[in-house]
Amino acid sequence: MSEEPTPLVSIRNLSKSYWRGSQQVPVLEGINLEIPQGEFLALMGPSGSGKSTLLNLIAGLDQPDAGELQVGGIEISRLAEGDLARWRASHVGFIFQFYNLLPVLTAFENVELPLLLSPLKRRDRRDHVALALQLVGLADRMDHYPGQLSGGQQQRVAIARALITDPTILVADEPTGDLDRDSAQEILDLVGRLNGEFGKTVIMVTHDPRAAETARVIRHLDKGVLTDVVP
Amino acid sequence: MLFLKLILRNALRHKLRSVLTVAGVAVAIVAFGLLRTLIGVWYLGVEGSSATRLVTRNSISLIFPLPISYLERIRQVPGVAEVTYGNWFGGIYIDRKNFFANFAVNADHYLDLYPEFVVPPEELAAFRRDRRGAIAGENLAAKFGWKVGDPIVLTGTIFPGQWNLVLRGIYRGARPNTDRNQFFLHWDYVNETLKQTTPRRADQVGFYVIGVKRPEEAPATAAAIDRSFTNSLAETLTETEKAFQLGFVAMTGAIVTAIRIVSYMVIVIIMVVTANTMAMTARERLAEYATLKTLGFGGGHLALAIFGESLSIALCGAGLGILLTYPAADFIASALKQFFPAFHIAPSTLWLDLGAALLIGLVGGIFPTWRAVTGNIVDGLRRIG
C-alpha cells in the first residue's frame, strides 16, 4: 500500500470575508485545497472571485476568519504578526503584478534587500545576489535603478528578489499583467524553469489563459468557491 | 549599510521638498538660537555678577537714597572687606536715543571692586585726579567716536543741569560677557554741585557695593548690615549682586517670557511643517512600506527608515542653521552693540539647537511610522499602479 505524500499547503474549510461599511462581504467560503511540494498551480477566476485573497492567505499576508491553513506543517493562521513576518521572510518569495521594487535602490540592492534579514555576511550576500541576477539574465543590469529598466526586466529583478532567500513557495499575483506579450512569455518561461529545474512550488494568480497554461494544475475560483481541477 | 543608503536616498528623493524643509528647519534654528541668545543677554548682568559682591540699597525702593554716613558703619560690619558706593546718574548724551548706563561713583575705590573692567593704570590715575573725569566702556567709546581727552557733556535728568566731563579713560572687558557700554563719573563732582544747587539732596548715595571676604560669608554679612540699620530712617536691603541683578531682570520678566514663548513657538511651527512633510512622504510610500513588510521587515525596520529620514532632514537643517547663527549673531552684535553689551552664542544654545532638531525629527516621524507600521499589508500593496 503506497502512502500519500504530505502536501506542502493544506487548506481545510477556509473562509474569509471583508467588511464594507457595516456590511460583511464573504470572499472565500469553505475552501479545501492541497498543494503538493513542487507543484505549479494557477488560480483563475473572474475579478472579485477571491483568487488574490486566497493567494494572500497562503502567503501569510492576511489572516482567515475560519478554517485551517498549514504550509510546510505550520499552521500559519495561528502565528503572531512578528512570527508570521519571520515565516514569510524565510518561506515565501513574492512576485507582484507591478514588481514592487524600491525605486531608490539599484537592481542589485533590491535583490539584496531580503537577505538583510538573514544571518549572511556581506560578501556571501553579494555572491548570492550576483548568482540570482545571473539566473534571471540581468547580470549586466545590476547597477541600474528600476526606472532605467523595462517592465520585463523589472519583473525579472523582482523574481530574483523572490528567489534570493531560497523560499519554500513562490507566489505570483498576475506576474504578466503589466507586460507586453514577449516580455510576458519570458517571465512565464522563467517561472516555469524555476518550477521545472529547481523544483520550486509555484502558486500563480492570473486572468490570462495563456499564462495559466504554463502551470501544471489550474484551479478556478468563482464567488469564493473552488470549482474544478484541470490537470 | 544598505538600509542607511535607503534612508539617505529616500531623504533626497524629492529634492525640492527636502531642500525647502531643510531650509525651513535652518531658519527656525537660526531664529531659535538668536532668541535664546537674546534671553542670555538679558541675564548677562546676572551671569557676570560676582559671588563676593553685595549690594545695599534703601529697603523701600532703589529710587530712595541712603545717607553717605552709612559708609563707615557698613565698613565696620564683620565680613566686609571693601565698600564703595554710587548713584544711577541718568544723564543724556546729546539725545535721548543715545541711551547708555551712567553712574556717579566713588572714583577712588569703585573700580577696585570690578576687576572685570580693565582700565590702563595711567588712565585710571588720570580719572581719579580729575573731578570732571569720566571713564567709558570700549564699545560705548567706539560708538560715539570718543577718545581719551575728549570733552563730553551730559544733560542731567535726575540731577538737572549740563555736566561738563572729560573722558580720562576707556575700559575693556576682562571676559567676553563683560558689559562694555557703561560710563562712570565722579560722585564727588555731583555731590559738590548738589550742595550748591539743592543741598537737601547732597550726601546721599543710590547704593553701596560691598566686597565680602569669602563668598560663603555673604548671606551672614548681608543680614548683619541690614540689622545695623533696623529702625533707622533709611532701612537697608542688602542682597548678593546676583539677586540684585535678578531684581532688574524681574522688572522685564514679561518680555523675557514672551521671547521665550516665541522661541518655543518657532520650534513648534517647524515641527508641524516637518511632520506634514513626512506625512506626505509616507503617504506616497505606503506601498513601499507594505512591500518591505511583505518581505518580512518588521515595525522596527520601518521606524528606522522613517525616523532616520525625518531625523536626517532635521539634523541637516540644524547643522545649516547653527552655521548661519554665527554670522547672524555677529551682525546683531555689531549693529546693536549699544543695546547688547555682548551677543555671543553660548555652548548651551548649541545644545538646545541640537535638542530642538532631534525633537523636530522625532515628532516628524511619529505619525508616518504609526501609519506604516499599523497599516494593512494588502491595502498597502493595492496602492501600486
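pLDDT is the predictor's confidence in each residue, on a scale from 0 to 100. Keep that in mind, since this is a predicted model.

**Exercise 1. Work out what confidence the predictor assigns to chain B and to the complex.**

Solution. Start with the chain: the mean pLDDT of chain B is 90. Next, look at how the residues are spread: 98% of those in chain B reach 70 or more. Then turn to the assembly, where the predictor gives an ipTM of 0.91 and a pTM of 0.73.

**Exercise 2. Take each chain's radius of gyration and hold it against the value for a compact globule.**

Solution. Chain A goes first. It has 231 residues, so a compact globule would come out near 17 Å, and the 18 Å of chain A agrees with that. The C-alpha trace of chain A spans about 50 × 45 × 40 Å along its principal axes. Seven helices and ten strands make up its secondary structure.

Now chain B. A compact globule of 385 residues would sit near 21 Å, but chain B has 30 Å. Check the spans: about 95 × 45 × 30 Å along the principal axes of the chain B trace. Its element count is 14 helices and 13 strands.

**Exercise 3. Describe what chain A brings to its contact with chain B.**

Solution. Count residues to begin with: chain A puts in 21 and chain B puts in 20. On the chain A side, the elements giving two or more residues are helix H2 (81-91) and helix H3 (107-112). The largest share comes from H2(A), with five residues. Last step, sort the chain A side by character: 13 nonpolar, three polar and five charged.

**Exercise 4. Lay out the open sheet of chain A and find its edges.**

Solution. Four strands of chain A form this sheet, in the order E2-E1-E4-E5, and the pairing is antiparallel. Which strands pair on one side only? Those are the edge strands, E2 (23-35) and E5 (74-75) of chain A. Zoom in on the E5(A) end: two bridges join E5(A) to strand E4 (residues 66-71) of chain A, running antiparallel. One bridge can be named, with Val71(A) partnered by Ile74(A) in E5(A).

**Exercise 5. Follow the strand pairings that involve E8 of chain B.**

Solution. Take one partner at a time. Strand E4 (residues 92-93) of chain B pairs with strand E8 (residues 151-156) of chain B over two bridges, in the antiparallel sense. Here Tyr93(B) has Leu154(B) in E8(B) as its bridge partner. The other partner is strand E9 (residues 161-173) of chain B, which pairs antiparallel with E8(B) over six bridges. In that pairing, Ile152(B) is bridged to Leu165(B) in E9(B). Finally, the connection: E8(B) and E9(B) form a hairpin, with four residues between them.

**Exercise 6. Characterise how H10 packs against H13 in chain B.**

Solution. Two packed helices are described by the angle between their axes and the distance between the axes. For helix H10 (residues 253-284) and helix H13 (residues 347-374) of chain B, the axes come within 8 Å and cross at roughly 35 degrees. What is the hand of the crossing? H10(B) passes H13(B) in a right-handed crossing.

Then list who meets whom. H10(B) residues in the contact include Ile267(B), Ile270(B), Met271(B) and Met278(B). On the H13(B) side, Leu359(B), Ile360(B), Val363(B), Phe367(B) and Arg371(B) are among them. To finish, tally the types: the contact divides into 14 nonpolar, four polar and one charged residue.

Terms used. Residues numbered from 1 in each chain as written. Chains lettered and ligands numbered in written order. Predicted model: local features only at pLDDT ≥ 70, side-chain atom pairs only at ≥ 80, totals over all residues. Contact = placed C-beta atoms within 7 Å. Nonpolar A, V, L, I, M, F, W, Y, C, P; charged D, E, K, R; others polar. Axes fitted to C-alpha atoms, helices over the stretch in contact; angles between N-to-C directions. Left-handed = near helix turned anticlockwise from the far one by under 90°. Pairing = 2+ DSSP bridges. Rg over C-alpha atoms; globule rule 2.2 N^0.38 Å.
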